[in-house]
Amino acid sequence: MFLRFWLTERPRDTFLSYIPKEELPAFRLACHDFGVRAAPLLFEDTTITFRPSTFTKPARMAALHRIGHHIQTLTFSTPHTPETFLPPLLDPVTGEELTFIYEPYIQSTRDSATRLSNPIYGSWELTDLLVKQYSPLFHAAANVPTFIRAFNALPTLKHLKLSCPGQEASQRYRRSIVDYALISLRIAIERCKLPLLSSLSLVSIHPGAALYLNPTMGFGARPNSVKKWKQIKNLAICMDSIPFSPYPPADHLKLLHSYLHVFAASLKNFVFRWHGSNGLSPLSLDKEVCLQDRSPGMASPRRCHLALRPLKFEKLRNMEVENIVVDASQVSSFITAHRHTIREFNFEDTHLRSGTWDQALAPLTRISGSEKWKEKAEEVMDVPLMLSPVDDEQTTAKDLVVDYFNCKPRPFRPSIGAWQRAGARSRELFWGTPEHMKRFLRTSVFSWR
């Protein structure tokens, strides 16, 4: 009877879906067939924390090739730590700081004679200095061929998540080992066959990452590098904030604007959130005065006169931005420019510098021909009352960003700030679920009988 149940695909897969993921490794040890059937569920969502031996140790690479065809969602984590900090490169004789112009070494060959005849970092003298003064983590991050071999083992990859948390504001203009790892990862994705890759989530990313992930700005880029990134239909970004000021550091904002242009022709779902203090809207940077005039925020004031091209997403259907400062005219222009494709937009924790929300959403009245759309939204604020810590599950910003694409398509519904459906949602926030109330009353200091 059990054999008949186990050999039927739908009941078996339903049964396996109810097994907690932390128990699947023990379940796979029961027998060989259990291991084969449970492997896709166990390795479907995999996390890799980058270390010196992540892609260079033969045993690790062999394991990745065994399970790679099961991986559909990969989280690549490279946190900023003291180990990822790169000190200046010094001349061992004079003590003077040397200039290091990085060019990725992509050639991969099994011929040891050929491999040893070409210096990895341009010259033998510079290669020798880098080997002596920089840690093995740097050389692992700059080893592009190992990244290419690793991603060649992931033919069914659909969703790539990048996490680079922990950068200090003082290191914003210094290149670290994390940046070299991002360069190698981008080159590997562009040179590997990943036909199913359609979603990209940049979780807890630093502002400078927009430069190293941009396929149009050098560092091993080829003429067809952009073609691979046009596969991306869903993009979520949670970026460390650049504090809003009259003259913000405009270089990072320009890099972000240029990076978003890469996805303009293919993107359907877009989520952006500033992590920390609020910042400028990434969708209307071309209209910001601070990016057009000569300002102290420009690291390259000679180029500040170049106008930014407006962002126009040709296939955008769902958009959400959070923790931004914007003008009503900028919101109005964005809605008007995307009126033929967009179905839902959400402005969470958005502050208007000028104008009102009626002015910002005026295009909706012109598009629909009436103001009936206002009747479908109610401005409320969710204030949950925490009665007890029973089964308290906190939703982080990371969860909100990366889980956005798992939601089912919703009907067109403009949203501002915290516009939410009231009713059942509000009652649940205030009273909690019935099971939650039972546990609360049972564990309370009062005698509820």
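This section describes the fold elements, aromatic pairs and selected residue environments of the structure.

The model is predicted. The protein comprises 19 helices and 10 strands. Of its 449 residues, 46% count as buried. Among contacts between residues at least 6 apart in sequence, 80% join residues at least 24 apart.

Strand S1 spans residues 45-49, and its side chains alternate between two faces. Thr 46 and Ile 48 point to one face and are buried, whereas Asp 45, Thr 47 and Thr 49 point to the other face and are not buried. In a regular strand, such alternation of side chains between the two faces of the sheet is the rule. S1 runs parallel to strand S2 (residues 73-77), to which it is joined by 5 bridges. Within S2, Phe 76 is the bridge partner of Ile 48, a residue that belongs to the buried face of S1. Between the two strands the chain passes through helix H5 (residues 58-67). The resulting β-α-β crossover is right-handed.

Aromatic rings form 26 pairs in the structure. One of these is the pair of Phe 5 and Phe 15, with 6.0 Å from centre to centre and 80° between the planes. The geometry of this pair is edge-to-face, because planes over 60 degrees apart are assigned to that class. Phe 5 lies in helix H1 (residues 2-6) and Phe 15 in helix H2 (residues 9-17), so the pair ties together parts that are 10 residues apart in sequence. Both rings belong to partly exposed residues: Phe 5 has a relative accessibility of 30%, and Phe 15 has a relative accessible area of 38%. Elsewhere, Phe 100, Tyr 102, Tyr 121, Tyr 134, Phe 138 and Tyr 180 form one aromatic cluster.

Helix H7 (residues 124-133) has buried residues at Leu 126, Thr 127, Leu 129 and Leu 130. Viewed down the axis of H7, these buried residues fall within an arc of 165°, so they line one face of the helix. Glu 125, Val 131 and Lys 132 are exposed on the other side of H7. The packing partner of the buried residues of H7 is helix H8 (136-141). Phe 138, a member of the aromatic cluster, falls within the residue range of H8.

Near the start of the chain, Asp 33 was examined as a residue of helix H4 (residues 32-43). Asp 33 is partly exposed, with a relative accessible area of 28%. Asp 33 and Trp 6 are 27 residues apart in sequence, and their C-alpha atoms are 9.8 Å apart in space.

Two strands, S4 and S5, contain further residues of interest. Asn 234 is located in strand S5 (residues 234-240) and counts as buried at 13% relative accessibility. Its C-alpha atom is separated by 4.6 Å from that of Ser 199, although the two residues are 35 residues apart along the chain. The side chain of Asn 234 is also joined to that of Asn 269 by a polar contact of 2.5 Å. Strand S4 covers residues 199-205 and contains Ser 204. The phi angle of Ser 204 is near 55°, a positive value in a residue other than glycine.

A positive phi is also found at Asn 323, where the angle is about 65° although the residue is not a glycine. Asn 323 is placed in strand S8 and is buried, with a relative accessible area of 8%. The loop between strand S7 (279-280) and strand S8 (318-326) contains Ser 284. Ser 284 is buried, with a relative accessible area of 4%. When residues up to four places away in sequence are not counted, Ser 284 touches Val 326 and Gln 330. With Gln 330 the interaction includes a polar contact between the two side chains, at 3.1 Å.

Methods:
Residues are numbered from 1 along each chain as its sequence is written. This is a predicted model: local features need pLDDT of at least 70, side-chain atom pairs count only at pLDDT 80 or more; totals for chains, interfaces and linings use all residues. Side-chain values use heavy atoms; hydrogens and water are left out. Buried means under 20% relative accessible area, exposed over 50%, partly exposed in between (1.4 Å probe, protein chains only). Helices (H or I, at least four residues) and strands (E, at least two) are DSSP runs, numbered from the N terminus. Two strands pair if DSSP finds at least two bridges between them. A crossover is right-handed if, with the strands pointing away from the viewer, the path from the first strand over the helix to the second runs clockwise. Rings of Phe, Tyr and Trp (its six-membered ring) pair if their centres lie within 6.5 Å; planes under 30 degrees apart count as stacked, over 60 as edge-to-face and the rest as tilted. The arc is that of the directions from the helix axis to the C-beta atoms. Contact means heavy atoms within 4.5 Å. A polar contact is a pair of N or O atoms within 3.5 Å; within protein, one must be able to donate a hydrogen and the other to accept it, and residues adjacent in sequence count only if both atoms are side-chain atoms.
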